[in-house]
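Let's walk through this model together, one feature at a time. Please keep the sequence and the 3D view side by side as you read.

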Amino acid sequence: MKKLVLAALFALGAAPALADVSVSDSWVRATVPQQKATGAFMQLKSDVPARLVAASSPLAGVVEIHEMRMEKDVMKMGPVPALELPAGQTVKLTPGGYHVMLMDLKQQVKEGDQVPLTLIVENKDGRRQSLDLTLPVRPLNALMKMPHGKH
């Protein structure tokens, strides 16, 4: 029996480590009636090199990792296949930058609500882990930081 326990402990120690990702300052922007999309914002920090590869929420039909950027004085936004999480560095998901886009909303998102969100993080070996979060909803005008330039 001792050998079996030792073998199991050894096997667990040899397994590739999953990313230990911490999430802070997470929130979702409120919407107006009939609005079908909003953003989720947060700070992510991983102990090991990892990538944010997907997200989901029962509140939205489609959830994507997006990037907003300026190209020749034109603001562009669109999905990215993954967001790198370098070991030990804080990656900020903010208005005007990387964010999680919740689309095809099933209901209005009101200030004070709580939004369930699951993030899928992948480590360098391809192993995935789910992070189940509940994000508070902030007002429409919360921390609206957009890049400077022509809009």
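Which residue forms a salt bridge with arginine 138? The partner is aspartate 25, and the closest N and O atoms of the two are 2.8 Å apart. Arginine 138 sits in strand β10 (residues 128–138) and aspartate 25 in strand β1 (residues 21–29), so this pair ties together parts that are 113 residues apart in sequence. As for exposure, arginine 138 has 25% relative accessibility and counts as partly exposed. Aspartate 25 is partly exposed too, with a relative accessible area of 41%.

Before going further, please bear in mind that this is a predicted model. The mean pLDDT of the protein chain is 86, and 81% of its residues reach 70 or more. Over residues 1–16, however, the pLDDT is below 50, and beyond near neighbours in sequence this stretch has four contacts in the model. Residues 144–151 also stay under 50 in pLDDT, and here the model has 15 contacts beyond four places in sequence. Where pLDDT is low, the predicted coordinates should not be read in detail.

Now for the overall layout. The protein chain has one helix and ten strands. Following the sequence, you meet the helix and then the strands, in the pattern α-β-β-β-β-β-β-β-β-β-β. Take the contacts between residues at least 6 apart in sequence: 70% of them join residues at least 24 apart. The accessible surface of the protein chain comes to about 9,000 Å², and carbon and sulfur atoms account for 56% of that area.

Let's turn to the interior. Of the 151 residues in the protein chain, 38% are buried. The largest nonpolar core holds 30 residues, and the members that touch the most other members are Met42, Leu52, Val100, Leu117 and Leu119. Valine 100 is a handy place to center your view. Leaving aside residues up to four places away in sequence, valine 100 touches Thr38, Gly39, Ala40, Met42, Ala55, Val63, Glu64, Leu93, Leu117 and Leu119. Three of the core members named above, Met42, Leu117 and Leu119, are thus among the residues that valine 100 touches.

A polar detail is worth a stop as well. Serine 46 lies in strand β2, which covers residues 37–46. With a relative accessible area of 1%, serine 46 is buried. A polar atom of the serine 46 side chain lies 2.5 Å from the backbone oxygen of valine 48.

How many salt bridges does the structure hold? There are four, and the pair we began with, arginine 138 and aspartate 25, is one such bridge. Another joins glutamate 122 to arginine 51, with 3.0 Å between the closest N and O atoms. This pair links distant parts of the chain, 71 residues apart: glutamate 122 is in strand β9 (residues 114–123) and arginine 51 in strand β3 (residues 50–56). Glutamate 122 also meets arginine 128 in a salt bridge, at 3.0 Å from N to O. Through shared partners, the salt bridges join Arg51, Glu122 and Arg128 into one network.

Is each member of that network buried, partly exposed or exposed? Glutamate 122 counts as buried, because its relative accessibility is 13% and the cut-off for buried is under 20%. Arginine 51 is partly exposed, with a relative accessible area of 30%. Arginine 128 is exposed, at 52%.

Note on methods: Residues numbered from 1 in each chain as written. Predicted model: local features only at pLDDT ≥ 70, side-chain atom pairs only at ≥ 80, totals over all residues. Heavy atoms only, no water. Helix = DSSP H or I, 4+ residues; strand = E, 2+ residues; numbered from the N terminus. Buried < 20%, exposed > 50% of the residue type's maximum accessible area, 1.4 Å probe, protein only. Contact = heavy atoms within 4.5 Å. Areas by Shrake-Rupley, 256 points an atom, 1.4 Å probe, with all protein chains shown as cover. Core = buried A, V, L, I, M, F, W, Y, C linked by side-chain atoms within 4.5 Å. Polar contact = N/O pair within 3.5 Å; in protein donor to acceptor, adjacent residues only side chain to side chain. Salt bridge = Lys/Arg side-chain N within 4 Å of Asp/Glu carboxyl O. pLDDT = per-residue confidence, 0-100.
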